Amino acid sequence: MASTQVLKSRIRSVKNTRQITKAMQLVAASKMRRSQEATKASAPYTLAARQLLTALSSHTSVKNHPLFTRRDIKTRLLVVIASDKGLAGAYNSNIMRLYVEQLKADDNSSVTNTTIAIGRKAAQFVARIKDTSVLGVYEDLPDQPDGSELRAIMESIRTKFVAGDVDAVDILYTDFVSSIRQDPTIIRVLPAGFEHAQEAGVASDVTYEPSTEEVLDGVAYRLIGAQIYQALLDARASEHSMRMMAMKNATDNASDLIDDLTLEMNKARQSAITQELAEISGGVEALNE
Amino acid sequence: MHLQLITLAGIKVDDEIYEMIAPTAAGEIAVFPEHEPLVTLAIPGAIAIRHKKGDPDNRLEYFAISGGIIEISQKAIRVLVDEADHGDDIIEAESQAALERAIKMRDQAENQVERDHAHQLVDRHQVRLKVAELRRRHKR
């Protein structure tokens, strides 16, 4: 049995660890709430863009627009969203598993692919894989990315798609279903899909300047941007939520460990006392004889 | 006339106004009540809002916007932009420093993705700087 000294110092170090994991848990919880609120804030934007698109579709053919054009898929661009930091449970490994599945599927149907990695963990993972080429890497995006980062990502994928370098663009991210459930998900952003809005908020006798085509271009671009933004925010909320759970488990484990160690230390102390008493009474017996 | 300024981060303005000046692909336009219905493209720049008729220029409210779409009907304007920063939140010296950093980053970019990112940052900070200057000029 280990000495009480050793056990004491182990208990102290586990207590320190517990303090840290507890703090991380609380931080992650509050960040998760903020990300969750942000995911809701972009809803009016998406709705307005969809209404505009519905109104436009009665004036011009949406399907012929370059961003809506469907081609046979020979090359595919995958945008993988993971985290910058670890200690988030299975967050990164889940999304990477989905990514590897996609790469395998492409391999089997002889589709070549290229990747944009968002988040340091994604970048490190993608860099080790030989099946894909890396188009670019984004690291240290803020919790609520501003428009410049979003537009940069948009610009990269739009140029690739319109130029015909890639025939489809998919985003791999973790969908935030609830604070206890997050699913790795893949969505296709290009070629763009088109859903009619319930009610068109735009009058029919509207002038479009400079032209319907150019306005359509702007609207389509915004809709796709909103999709990517939503994915980024969802991924962030999922990350914080999974980190919160992971840190909660770590805190619970540390507490269990402290209990076990305390029990062991008490036993060690008691056995030391018992032994000492036995020695003393043994000594007294010896003196009496 | 009702104005809604909708961004990805939420609705920034939802208010009755008198006049809005906005940068579009065909130059700056000023929109007053009873404007003819129009949908047009906004370019990065400064939006100025006059809340009441007769408000002086130094009471104008400014927003630095990225590109987007402006939708005008008889009684309402809807501005759909990726982001809009309120003029009061922009600090000129900070924007200047950020712009210089962005330009440096653009010059040192190693691949297309980095270059795209830096380009966007340069645009963003140029617009913010412009808004800061406009405000300073009118506050005098």
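Welcome! Select chain A to begin: of its 289 residues, 38% count as buried. Keep in mind as you look around that this is a predicted model.

**Stop 1: chain A as a whole**

Colour chain A by secondary structure. You should find six helices and six strands. If you walk along the sequence, they come in the order α-α-β-α-β-α-β-α-β-β-β-α. Now zoom out to take in the outline. The radius of gyration of chain A is 29 Å, well over the 19 Å that the globule rule gives for 289 residues, so chain A is more spread out than a compact globule. Its C-alpha atoms fill a box of roughly 115 × 45 × 25 Å along the principal axes. Next, think about which parts of the sequence meet. Taking the contacts in chain A between residues at least 6 apart in sequence, 79% join residues at least 24 apart.

**Stop 2: strand β1 of chain A**

Select residues 75-81 of chain A, which form strand β1. How many of the seven residues of this strand are buried? Six are, so the strand is largely enclosed by the rest of the structure. Add residues 112-118 of chain A to your selection: this is strand β2, and it pairs with β1(A) in the parallel sense over seven bridges. To see one matched position, show A:V80 and look across to β2(A), where A:A117 stands opposite.

Stay here and click on A:I81. Which residues is A:I81 in contact with, leaving aside its neighbours within four places in sequence? They are A:I118, A:G119, A:A122, A:I171, A:L172, A:Y173, A:A231, A:L232 and A:A235.

**Stop 3: the largest nonpolar core**

A bit of background helps at this stop. In soluble globular proteins, nonpolar side chains tend to be buried together. In this model, the largest nonpolar core has 98 residues. Show A:V79, A:V80, A:I81, A:V219, A:I228 and B:I47, the residues with the most contacts inside that core. Which element gives the largest share of the core? Select residues 212-288 of chain A: this is helix α6, and it supplies 20 residues. Chain B takes part as well, with at least three core residues from each of domain 1 (2-87) and domain 2 (91-139).

**Stop 4: where the chains touch**

Give the two chains different colours and turn to the place where they meet. The contact takes 36 residues from chain A and 32 residues from chain B. On the chain A side, select α2 (43-57), β3 (133-138), α5 (147-162), β6 (207-209) and α6, each of which supplies at least two residues. What kinds of residues make up this side of chain A? They divide into 19 nonpolar, nine polar and eight charged.

Now pick out β6(A) together with residues 38-42 of chain B, which form strand β5 of that chain. These two strands run parallel and are joined by three bridges. For one of the partners, show A:T207 and find B:L38 in β5(B).

**Stop 5: chain B**

Finish by hiding chain A. Chain B has two helices and ten strands. From the N terminus, its elements run β-β-β-β-β-β-β-β-β-β-α-α. The C-alpha trace spans about 50 × 35 × 25 Å along its principal axes. With 140 residues, a compact globule would have a radius of gyration near 14 Å, and the 16 Å of chain B agrees with that. Buried residues make up 40% of chain B. Among its contacts between residues at least 6 apart in sequence, 55% join residues at least 24 apart.

Note on methods:
Residues numbered from 1 in each chain as written. Chains lettered and ligands numbered in written order. Predicted model: local features only at pLDDT ≥ 70, side-chain atom pairs only at ≥ 80, totals over all residues. Core = buried A, V, L, I, M, F, W, Y, C linked by C-beta atoms within 7 Å. Buried ≥ 20, exposed ≤ 12 C-beta atoms within 10 Å, placed from the backbone. Helix = DSSP H or I, 4+ residues; strand = E, 2+ residues; numbered from the N terminus. Domains from an automatic or database assignment. Contact = placed C-beta atoms within 7 Å. Rg over C-alpha atoms; globule rule 2.2 N^0.38 Å. Nonpolar A, V, L, I, M, F, W, Y, C, P; charged D, E, K, R; others polar. Pairing = 2+ DSSP bridges.
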